[in-house]
Amino acid sequence: MRIVCVAGARPNYMKIKPVMDALEARGAEAVLVHTGQHYDAAMSDVFFEDLRIRRPDHFLQVGSGSHAVQTGRVMAAFEPLLDELRPEAVVVVGDVNSTLGCALVTAKGGALLGHVEAGLRSRDWEMPEEVNRVVTDRVSDYLFAPSPDAVANLRAEGYRTDQIHLVGNVMVDTLLANLDRALASDVLGRLGLTRGQYALVTLHRPANVDDPAALGTLLAALDDLSRECPIVLPAHPRAAAQLRSSGMSERVQLVPPAGYLDFVALQASARLVLTDSGGVQEETTVLGVPCLTLRENTERPITLTEGTNQLVGRDRERIVKTALSVLESPPPRRSPALWDGHAGERIAEVLLSGAGPAGHPRPTDLGS
């Protein structure tokens, strides 16, 4: 059985690797397609090496652009490749533009389509990722949900029971498979850090970094917090210069972007993590590290109810007050069910079982 596995951006690598491994272990032909949506040669090479992912079988080189331009390029490049490969199924992961573009091409091309991380909802329509994930679910045959809340969302939206599969979290598969190697990293020594003695920050969402008022508020909060706890923030040189020019305190230590293993090591050894990343919310939950999400919503509410995450939004006082409280009294370590390192295996079993959904079903409210 030939199954095309699509990756478009760095977070996709961690999600597609467990699925590919499980498919190939069961004798399937897994064809890896990299759209090139986000491609930095140096960082991509590090991630492929860290995760031990083989080189893509096909590289589409779509590059950057507006949402419409990028999605269109993905579709135009993927359509002839799909016609050439003629797979039985295509697997897309996450919520980037490549996910949406390849999903639309597959839905019209006749192969079965599986969406990994189906059912996640922030209900924030200003997030492009929310549009991508909702539309991708609509045209998918297999909906691979990471958590019960995602299953509940899909059921409420009218999807049939035979489409929905609660499989667990593929990001956790990759984290657990590489945790020992990550913890052996010397990144703390290289950056002059001490385990449990710093806060780690990541910022990348446009609502936080492209809005001067929002960014200014966040930087002020980090300045306040840095007086109580050293802060480390990985950033590309261009982003670092932008942050400094926007008023980031010199007490915040800006460091180069980290590869996968080094970044996991930084998370695992942090006293606290502040982020606007969905994946980091999940990883900190598994690692048992307190996490504050710098957003007003999350598509991963299970990290709030069964993890170490809290939403603090973009309010300076709220961020600092919550951070100081967490530093004083960290939350207990918890881990959701099925976040056990076997999600990829469950996905492969469904895809290879031969019991696919009947007739390329769509949600019942749209008709079959």
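The exercises below work through a predicted model of a protein chain.

**Exercise 1. Confidence**

State how the pLDDT is distributed over the chain, and where it falls below 50.

Solution. Start with the average: the protein chain has a mean pLDDT of 93. Next, take the share of residues that score at least 70, which is 95%. Then find the weak stretch: residues 364-368 have a pLDDT below 50. Beyond near neighbours in sequence, this stretch makes eight contacts in the model. Where pLDDT is low, predicted coordinates should not be read in detail.

**Exercise 2. Helix α4**

Compare the span of α4 with the expected one, then list its buried residues and the elements they pack against.

Solution. Step one is the length: α4 covers residues 97-109, 13 residues in total. From first C-alpha to last, α4 reaches 18 Å, close to the 18 Å expected at 1.5 Å a residue. Step two is burial: Asn97, Ser98, Thr99, Leu100, Gly101, Cys102, Ala103, Val105 and Thr106 are the buried residues of α4. Step three is packing. These buried residues pack against three strands, β1 (2-7), β4 (89-93) and β5 (112-116), and against the helices α3 (67-85) and α5 (128-138). Finally, look just past α4: Gly110 has a positive phi of about 110°.

**Exercise 3. Ser269**

Is Ser269 buried or exposed, and which side chain does its own side chain meet in a polar contact?

Solution. First locate the residue: Ser269 belongs to helix α12 (residues 260-269). Its relative accessible area is 6%; buried means under 20%, so Ser269 is buried. Now list the contacts, leaving aside neighbours within four places in sequence: Ser269 touches Leu188, Arg195, Gly196, Gln197 and Tyr198. With one of these, Arg195, there is a polar contact between side chains at 2.9 Å.

**Exercise 4. Aromatic rings**

Classify the ring pair of Tyr142 and Phe144, then find the charges that sit over Phe47 and Phe48.

Solution. The model has four aromatic pairs. For Tyr142 and Phe144, the ring centres are 5.9 Å apart and the planes lie at 5°. Planes under 30 degrees apart count as stacked, so this pair is stacked. Tyr142 is buried at 3% relative accessible area, and Phe144 is buried at 1%. Elsewhere, ring pairs join Tyr13, Phe47, Phe48 and Tyr260 into a cluster. To finish, add the charges: Arg10 lies over the face of Phe47, 5.9 Å from the ring centre, and the charged end of Arg55 sits over the Phe48 ring, 5.5 Å from its centre.

Technical notes
Residues numbered from 1 in each chain as written. Predicted model: local features only at pLDDT ≥ 70, side-chain atom pairs only at ≥ 80, totals over all residues. Heavy atoms only, no water. Helix = DSSP H or I, 4+ residues; strand = E, 2+ residues; numbered from the N terminus. Expected span 1.5 Å × (residues − 1). Buried < 20%, exposed > 50% of the residue type's maximum accessible area, 1.4 Å probe, protein only. Contact = heavy atoms within 4.5 Å. pLDDT = per-residue confidence, 0-100. Polar contact = N/O pair within 3.5 Å; in protein donor to acceptor, adjacent residues only side chain to side chain. Phe/Tyr/Trp six-rings, centres within 6.5 Å; stacked < 30°, edge-to-face > 60°. Lys NZ or Arg CZ within 6 Å of the ring centre and 35° of its normal.
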